[in-house]
Amino acid sequence: MIYDHRTYICRPGTIKKHLALYAEHGYPAQLRILGTPVLYAQTETGDVNSFVHIWPYRDAADRAARRAELAADPAWQAYLAKSAEAGYLVSQINKILMPAPFMAD
């Protein structure tokens with residue numbers, strides 16, 4: 001099992017607008033193709049303009065196949081265009097996490 005951990009930072013004052021746009025236009029496509037995330041959370045303290053989501057995959061090949069399917073999806077492409085037009089996102093940090101050896105799959 002691997003986990004795709006993504007942190008996004010929004011322009012100050014726009015995180016609620018971004019999450020609303022994503023909830024309506026992005027999340028349905030991701031849910032359909034990627035499945036349910038382990039976590040999708042808005043930061044409460046620290047950088048309150050950021051949010052994190054974590055998606056589980058069987059392995060790197062599973063991740064690559066599902067991410068390719070998502071990239072080709074017309075609904076996801078439409079969401080990306082709306083998101084780019086809105087301009088709420090400032091940065092993105094992606095990490096692939098693997099469970100520690102003592103964690104059971």
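Contact, as used in these legends, means heavy atoms within 4.5 Å. The model is predicted, so local features need pLDDT of at least 70 and side-chain atom pairs count only at pLDDT 80 or more, while totals for chains, interfaces and linings use all residues. Residues are numbered from 1 along each chain as its sequence is written, and side-chain values use heavy atoms, with hydrogens and water left out.

**View 1. The whole protein has 3 helices and 4 strands.** Helices (H or I, at least four residues) and strands (E, at least two) are DSSP runs, numbered from the N terminus. Starting from that end, the order of the elements is β-α-β-β-α-α-β. The radius of gyration is 14 Å, close to the 13 Å that the globule rule gives for 105 residues, so the protein is as compact as a globular protein of that length. (That radius is taken over C-alpha atoms, and the rule is 2.2 Å times the number of residues to the power 0.38.) Along the principal axes, the C-alpha trace spans about 40 × 35 × 20 Å. Of the contacts with a separation of 6 or more, 76% come from residues 24 or more positions apart.

**View 2. Helix H1 bends by about 50° at Ala-23.** The bend at a residue is the angle between axes fitted to the seven residues ending there and the seven starting there. H1 has 20 residues, yet its end C-alpha atoms are only 23 Å apart, where a straight helix would reach 28 Å at 1.5 Å a residue. (The expected span is 1.5 Å times one less than the number of residues.) Right after H1 comes Gly-35, with a positive phi near 90°.

**View 3. The buried residues of H1 pack against S1, S2, S3, H2 (60-72), H3 (74-86) and S4 (89-97).** Buried means under 20% relative accessible area, exposed means over 50%, and partly exposed is in between (1.4 Å probe, protein chains only). Among the buried residues of H1 are Ile-15, His-18, Leu-21, Tyr-22 and Leu-34. Across the protein, buried residues make up 33% of the 105 residues.

**View 4. Tyr-8 and Phe-51 form a stacked pair.** Rings of Phe, Tyr and Trp (its six-membered ring) pair if their centres lie within 6.5 Å; planes under 30 degrees apart count as stacked, over 60 as edge-to-face and the rest as tilted. The structure holds 7 such aromatic pairs. Here the ring centres are 5.3 Å apart and the planes are at 10°, so this pair is stacked. It ties together distant parts of the chain: Tyr-8 is in S1 (residues 2-10) and Phe-51 in S3 (residues 50-57), 43 residues apart. Tyr-8 and Phe-51 are both buried.

**View 5. Tyr-27 and Tyr-40 meet edge-to-face.** With ring centres 6.4 Å apart and planes at 75°, the pair counts as edge-to-face. Tyr-27 belongs to H1 (residues 15-34) and Tyr-40 to S2 (residues 39-42), 13 residues apart. Tyr-27 is partly exposed, at 26% relative accessible area, and Tyr-40 is partly exposed at 27%.

**View 6. Tyr-40 sits in strand S2.** Setting aside neighbours within four places in sequence, Tyr-40 is in contact with Leu-19, Tyr-22, Phe-51, Val-52, His-53 and Trp-55. The C-alpha atoms of Tyr-40 and Trp-55 are separated by 8.9 Å. Tyr-40 also joins Tyr-8, Tyr-22, Tyr-27, Phe-51, Trp-76 and Tyr-79 in one aromatic cluster.
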